[in-house]
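Please look over the entry below. Some questions and answers about it follow.

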Amino acid sequence: MERGKVKKKEKEKETEKEKIREKGKEEKVKRKEVEQKIKEKEKEKQEKQERRKRKEKEEKRTKQGKETKKEKEQFKGQEEEGENKDSTLTRTPLEPLEKNKQILVLGLDGAGKTSVLHSLASNRVQHSVAPTQGFNAVCIHTEDGQMEFLEIGGSEPFRSYSETYLSKGLLLIFVVDSADHSRLPEAKKYLHQLIAANPVLPLVVFANKQDLEAAYHITDIHEALALSEVGNDRKMFLFGTHVTKNGSEIPSTMQDAKDLIAQLAAEVQ
Ligand SMILES: Nc1nc2c(ncn2[C@@H]2O[C@H](COP(=O)(O)OP(=O)(O)OP(=O)(O)O)[C@@H](O)[C@H]2O)c(=O)[nH]1
Ligand SMILES: [Mg+2]
């Protein structure tokens, strides 16, 4: 009888232990499930982050692509035409580029804009061999950085683009053929149209082709272009320049003009 009781108690103990073991097992399974869930959530989070990063990269690439495309479109033209032998420096923007403010080089066709610009860029006299069909962008490196010049061809169809660029210009360089007396009134009209579009834009006038016998002296050019009327709020400078012997050093007036342009550009920027 006693033995029977002991056996029963032992059995009960055994069942109790069994239950505890079972419970332990269940808890272990539950813990594993929770751990699994946490891992899955972390994985999901990581995947989400990667997806977001990929998307951001993709967007960045598309944006860059668009910009490059826009710039490429802006700069096609004379390079493709290959007519102008100075085309390494020639670009055709359709609209002003936002990045850097440009120094605008304007004036009637044949005044000598390209010749002046390329001579300033290389510090050597460099004649242009063809009229600019559209735009001509030249970057000149200086001690303090770089200057971006933009010539707009002086022929009638291209002149109309000038006003679009004036509001974003840094300086205006106006080149005039000092020996072409008959076209001085036309040059004056064009210059005054330009400056009316931007009342503060500093103005540097190049009375070019001073080497020619028929060239007007700079005081006559001052009068012929009515430079006294350019406005009191505007800085204005006038240089007598010439681009004569190809390959020779640029004349000192041109070097002076270049230094002044660099100084003005630094002040305005
Ligand atoms: N004698 C002389 N000829 C010059 C001088 N500057 C330019 N030329 C000549 O003038 C002609 C026209 O020069 P360009 O530099 O093409 O003139 P541009 O103002 O750029 O003309 P577009 O591009 O048509 O607006 C070329 O035959 C040049 O060689 C100069 O100082 N003296
Ligand atoms: Mg030109």
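Q: Which residues lie nearest the centre of the largest pocket?
A: This is a predicted model, in which local features need pLDDT of at least 70, side-chain atom pairs count only at pLDDT 80 or more, and totals for chains, interfaces and linings use all residues. Residues are numbered from 1 along each chain as its sequence is written, chains are lettered from A and ligands numbered from 1 in the order in which they are written, and side-chain values use heavy atoms, with hydrogens and water left out. A pocket is an open set of points on a 1 Å grid over the protein atoms alone, where a 1.4 Å probe fits, with protein on both sides within 12 Å along at least five of seven lines; lining residues have an atom within 4 Å of a point. Of the 20 lining residues, those nearest the centre are Gly110, Ala111, Gly112, Lys113 and Ser115.

Q: Which protein atoms are donors of the magnesium ion (ligand 2)?
A: Donors are N, O and S atoms within 2.8 Å of the metal (3.2 Å for Na, K and Ca); water is not among the atoms, so sites may look incomplete. At 2.0 to 2.2 Å from the ion lie Thr114 (OG1), Thr132 (OG1) and Glu151 (OE).

Q: Is threonine 132 buried or exposed?
A: Buried means under 20% relative accessible area, exposed over 50%, and partly exposed in between (1.4 Å probe, protein chains only). Threonine 132 has a relative accessible area of 5%, so the residue is buried.
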